[in-house]
Amino acid sequence: MAKGGFRGGSYGGMNQMQMMKQAQKMQQDLLKMQEELEKAQYTATAGGGVVSAVVSGKRELVALEIDPDAVDPEDVEMLQDMVIAAVNEALRKCEEASSAGMSRITGGLNLGF
């Protein structure tokens with residue numbers, strides 16, 4: 001074995017028990033963050049605010065508001081586009097918050113979450 005090889009179960013100066021404690025704390029932090037994110041709501045608007053969408057941290061649409069002035073029977077496609085844009089933007093905000101929280105806890109490590 002090379003000089004300074006395997007040293008009784010330590011890994012970079014951290015013993016196995018310390019690694020387990022750190023992993024358990026990270027797991028607890030992840031669960032807490034996940035609960036907080038699921039309770040959060042993310043709002044986005046489209047069409048200058050005539051359409052507003054709210055999604056939960058569970059990535060479910062929980063509210064949709066449409067200004068009655070935006071309803072033009074002759075241009076339903078524009079209204080549909082605004083609804084899609086608002087919902088997608090709210091979902092994007094949810095995803096960004098989730099990624100930022102995960103990165104904060106894992107220190108930027110990609111753990112496949």
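The largest pocket holds about 230 Å³ of space. A pocket here is an open set of points on a 1 Å grid over the protein atoms alone, where a 1.4 Å probe fits, with protein on both sides within 12 Å along at least five of seven lines; lining residues have an atom within 4 Å of a point. Grid points are joined across faces, edges and corners, and the volume is the space filled by probe spheres set on them. The model is predicted, with local features needing pLDDT of at least 70 and side-chain atom pairs pLDDT 80 or more, while totals for chains, interfaces and linings use all residues. Residues are numbered from 1 along each chain as its sequence is written, and side-chain values use heavy atoms, without hydrogens or water.

Of the 14 lining residues, Leu30, Met33, Gln34, Ser98 and Met102 lie closest to the pocket's centre. Helix α1 (16-39) gives the most to this lining, with seven residues; helices are DSSP runs of H or I, at least four residues, and strands runs of E, at least two, numbered from the N terminus.

Turning to the interior, the largest nonpolar core has nine residues, among them Ala46, Val51, Ala70 and Met82. Such a core joins buried Ala, Val, Leu, Ile, Met, Phe, Trp, Tyr and Cys residues through side-chain atoms within 4.5 Å, buried meaning under 20% relative accessible area (1.4 Å probe, protein chains only). Both β2 (51-56) and α2 (76-106) supply at least two residues each, and α2 gives the most, with five. A second, separate core of eight residues includes Leu30, Leu37, Ala44 and Ala90.

Methods. Buried < 20%, exposed > 50% of the residue type's maximum accessible area, 1.4 Å probe, protein only.
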